[in-house]
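Here are some short exercises to work through with the sequence and the 3D view side by side. Try each task yourself before reading its solution.

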Amino acid sequence: MELSEIMRTNGTCRFYKPNPVSDEILAQVLDASRWGPSGGNRQPLRFIAVRDQKKKKALKDLYLPIWNSYLEGVNSGENRVGGRSKIIEDADHFANHLHEIPILLVVCARLADVHPTDVNLDRLSVVGGASIYPALQNVLLAARARELGTALTTLLCVVEPQVKDLLGIPEDVSTAAMVTIGWPANPFPKKLTRRPLTEFAFTDHYNEGAISS
Ligand SMILES: Cc1cc2nc3c(=O)[nH]c(=O)nc-3n(C[C@H](O)[C@H](O)[C@H](O)COP(=O)(O)O)c2cc1C
């Protein structure tokens, strides 16, 4: 499959078949992360592929209350969601059926290796994520290329101490995301809903010389 088609159709998969994903395919998909960049090539990423039914149920039990309180915020207008309300309906199904998905991939990072350059600015530090999420995106693309569905989520990071306890994650390693992996129950989307390039790509000056595709 052509790369641009993989990218354009790799939507967040919230409905999965129960069919298992083999160790071999999982290894191929995770191997793709190795080619991602990281500050100083320090490769901070660590993965725990949770397949054990009891542990998946425990992760779902941790996730669901956070999702439910996020949902309350959506309903009250406190949490803003771009796009259709169908997203919320689907995400609610996803949260309630999380433990039925074949693999819950807990994505971790050794923070000593993320090399953030913006920690002394008077704002939220974001640069550390650049050593984590590009490599993780390779996993999502490699999964799509094999017809596997994925969903990148971060709500579970709210309860990081409990997740670390459950999975034996050491003190110097943090959680960065949870990615669900399985065979999609529905066809992949033909194209994702995204803003046009002209709204966010500029030439020489912010908000001037919009670049169009
Ligand atoms: C940083 C980040 C955090 C996210 N966290 C969650 C989450 O905790 N739960 C969830 O159901 N979806 C989560 N998502 C998925 C988004 O809802 C999804 O990417 C967005 O709605 C676009 O969906 P689409 O790619 O299918 O168009 C997250 C996505 C990102 C990039």
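**Exercise 1: The shell around the ligand**

Sort the residues of the shell around the ligand into nonpolar, polar and charged.

Solution. The shell divides into seven nonpolar, five polar and no charged residues. Here Ala, Val, Leu, Ile, Met, Phe, Trp, Tyr, Cys and Pro count as nonpolar, Asp, Glu, Lys and Arg as charged, and the others, Gly among them, as polar. Keep in mind that this is a predicted model: local features need pLDDT of at least 70, side-chain atom pairs count only at pLDDT 80 or more, and totals for chains, interfaces and linings use all residues. Residues are numbered from 1 along each chain as its sequence is written.

Next, find the members: they include Gly11, Thr12, Ile87, Phe94 and Thr153 (a residue is near the ligand if its C-beta atom, placed from the backbone, lies within 6 Å of it). Finally, helix H4 (86-96) and strand S3 (149-153) each supply at least two shell residues (helices are DSSP runs of H or I, at least four residues, and strands of E, at least two, numbered from the N terminus).

**Exercise 2: Two sides of a helix**

Which residues of H4 are buried, and which are exposed?

Solution. Start with the buried ones: Ala91, Phe94 and Ala95 (buried means 20 or more other C-beta atoms within 10 Å of its own, exposed 12 or fewer, partly exposed in between, with C-beta atoms placed from the backbone). Then look at the other side of H4, where Lys86, Glu89 and His93 are exposed.
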